[in-house]
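Reader: I am new to protein structures. Could you walk me through how to read one, feature by feature?

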Amino acid sequence: MGKTAFLFPGQGSQAVGMGQAFMEAYSVSKDVFTEADNRLDFELTKLIMNGPIETLTRTENTQPALVTASVAVLEALREKGITADYTAGHSLGEYSALVASGSLSFSDAVFAVRNRGLYMEEAVPSGEGAMAAIMGMEREDLQQIVDDVSASTATVQLANLNSPGQIVISGAKAGVEKASEVAKENGARRIIPLQVSGPFHSSLMKPAADKLSSILAGIEIKDASIPVIANVTAEPSTSAIDIHDQLLKQIYSPVLWEDTVRKLMDLGVDTFIEVGPGNVLSGLVKKVNRRASVHAVGTPEQLDQLIEKLGEE
């Protein structure tokens with residue numbers, strides 16, 4: 001019998017109205033939205049349901065909104081008796097994964113990511129940082145380019161190692177622009193500058209990690225009852241101490257997503273369930289392993305289809 005992993009999306013998967021159908025269909029999902037509003041002391045639910053998208057996409061709003069929408073779906077899955085052997089989340093999604101694994105309470109997770117978003121926003125003045133997706137280049141070749149550019153021009157690093165041939169770089173604007181140029185000259189298929197408010201997952205985010213440490217010190221992080229594959233190591237974690245340290249490092253370190261998917265496969269996972277809005281992670285899993293059984297659950301209809309599928313297996 002193969003194993004199952006729950007995957008949780010990060011920034012970029014947000015949409016106005018996400019989770020609304022779950023909120024209307026499941027009281028356990030509705031309770032999640034209510035709890036978020038109470039803990040954050042503002043009407044996050046109203047912003048998620050009505051937008052505008054510009055406000056929802058601000059990092060300090062997107063982060064708690066995505067965790068809320070994802071955990072609302074998670075609670076519906078739990079109510080239907082669907083469980084996972086492992087969890088993982090892309091960047092911000094790691095917090096949702098930790099809720100699923102019993103390491104963080106939802107209330108603490110939504111509070112932590114609201115502050116995480118604010119600190120990431122403050123870490124680098126607007127316009128000074130940048131990120132770009134580099135398509136069609138080997139990890140080692142791109143690593144060499146960013147090392148050279150960091151030494152000669154300005155800081156730039158590998159930020160998200162998403163799937164074979166899709167790597168996001170991050171850093172100072174000049175560094176990202178120069179590395180993009182050199183990557184193109186060296187055979188990168190496509191360069192896509194990302195519309196983001198800061199150089200996430202680069203060393204320029206260290207001030208945000210310093211501030212986040214005081215937030216994490218004030219909430220309870222427990223040993224996980226289900227192993228979480230950490231972004232920074234792509235290895236399973238259950239120790240509360242390790243999880244605390246990994247959440248701080250994660251802000252300024254690369255997200256090893258391709259490695260995470262491969263690790264889950266090595267651990268015997270053959271069913272991947274993307275829990276929350278969108279299907280970005282489902283696409284990335286398929287790029288790593290075309291034969292994997294992948295299900296995106298962002299609507300109650302998709303949950304019904306999943307239940308039917310699992311019943312057949």
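Author: Let us go through this model in small steps, starting with the overall picture. Please keep in mind that it is a predicted model.

Reader: Which residues does the UniProt domain annotation cover?

Author: An unreviewed UniProt entry gives the annotation "domain: Malonyl-CoA:ACP transacylase (MAT)" for residues 7–302. Over residues 7–302, the chain is 51% helix and 16% strand. The C-alpha atoms at the two ends of this stretch lie 15 Å apart.

Reader: Now the sheets, please. In what order do the strands of the four-stranded sheet stand?

Author: To read a sheet, go from strand to strand across it. Here the order is E4-E5-E3-E6, the sheet is open, and the pairing is antiparallel.

Reader: Why is one side of E4 and of E6 left without a neighbour in the sheet?

Author: Strand E4 (156–163) and strand E6 (190–193) are at the edges and have a single partner strand each, so one side of each has no neighbour in the sheet. On average, neighbouring strands of this sheet are turned by 25° against each other, ignoring direction.

Reader: How many bridges join E4 to E5?

Author: Six bridges join E4 to strand E5 (residues 166–172), and the two run antiparallel. To see one position in the pairing, find Val156, which stands opposite Gly171 in E5. Then look for helix H13 (residues 280–288), which lies across E4 and E5 and runs at about 80° to E4.

Reader: Do E1 and E2 run parallel or antiparallel?

Author: Strand E1 (residues 3–8) and E2 run parallel, joined by four bridges. Phe6 has Thr87 in E2 as its bridge partner. Side chains along a strand are worth following too: Tyr86 and Ala88 point one way from strand E2 (residues 86–89), while Thr87 and Gly89 point the other way, and all are buried.

Reader: Let us turn to charges. What can side chains of opposite charge do when their charged atoms come close?

Author: They can pair. A search of the whole structure finds eleven salt bridges. One of them joins the side chains of Arg58 and Glu60, at 2.9 Å from N to O. Arg58 is partly exposed, with a relative accessible area of 45%, whereas Glu60 is buried at 8%.

Reader: Which parts of the chain does the pair of Glu122 and Lys211 link?

Author: The side chains of Glu122 and Lys211 meet in a salt bridge of 2.9 Å, N to O. The pair links distant parts of the chain, with Glu122 in helix H7 (residues 106–123) and Lys211 in helix H10 (residues 206–217), 89 residues apart. Glu122 is partly exposed at 47% relative accessible area, and Lys211 is partly exposed at 38%.

Reader: How far apart in helix H9 are Lys173 and Glu177?

Author: Lys173 and Glu177 are four residues apart in helix H9 (residues 173–185), which means that about one helical turn separates them. They form a salt bridge, with the closest N and O atoms 3.0 Å apart. Lys173 has a relative accessible area of 39% and is partly exposed; Glu177 is partly exposed too, at 44%. Salt bridges can also join up: Arg139, Glu258, Asp259 and Arg262 are linked in a network.

Reader: What is the nearest side chain of opposite charge to Asp37?

Author: The nearest is Lys30, 9.0 Å away, and Asp37 is buried yet has no salt bridge. Asp37 sits in helix H2 (residues 27–40). Leaving aside neighbours within four places in sequence, Asp37 is in contact with Phe42, Glu43, Leu44 and Thr45.

Reader: Last, the backbone. Which residues does the cis peptide bond join?

Author: Gly51 and Pro52 are joined by a cis peptide bond, with omega about 5°. Pro52 lies in the loop between helix H3 (44–50) and helix H4 (53–56).

Reader: And where is His201, whose phi is positive?

Author: His201 is in the loop between E6 and H10. Phi of His201 is near 60°, a positive value in a residue other than glycine. At 3% relative accessibility, His201 is buried. Ala234 has a positive phi as well, near 55°. Ala234 is in the loop between strand E7 (228–229) and strand E8 (236–237), and is buried with a relative accessible area of 6%.

How values were computed:
Residues are numbered from 1 along each chain as its sequence is written. This is a predicted model: local features need pLDDT of at least 70, side-chain atom pairs count only at pLDDT 80 or more; totals for chains, interfaces and linings use all residues. Side-chain values use heavy atoms; hydrogens and water are left out. Buried means under 20% relative accessible area, exposed over 50%, partly exposed in between (1.4 Å probe, protein chains only). Lys and Arg count as positive and Asp and Glu as negative; His and the chain ends are not counted. A salt bridge is a side-chain nitrogen of Lys or Arg within 4 Å of a carboxyl oxygen of Asp or Glu. Contact means heavy atoms within 4.5 Å. Two strands pair if DSSP finds at least two bridges between them. Axes are lines fitted to C-alpha atoms, for helices over the stretch in contact, and angles run from 0 to 180 degrees between N-to-C directions. UniProt positions are given in the numbering used here, feature names are shortened, and annotations may be inferred rather than shown by experiment.
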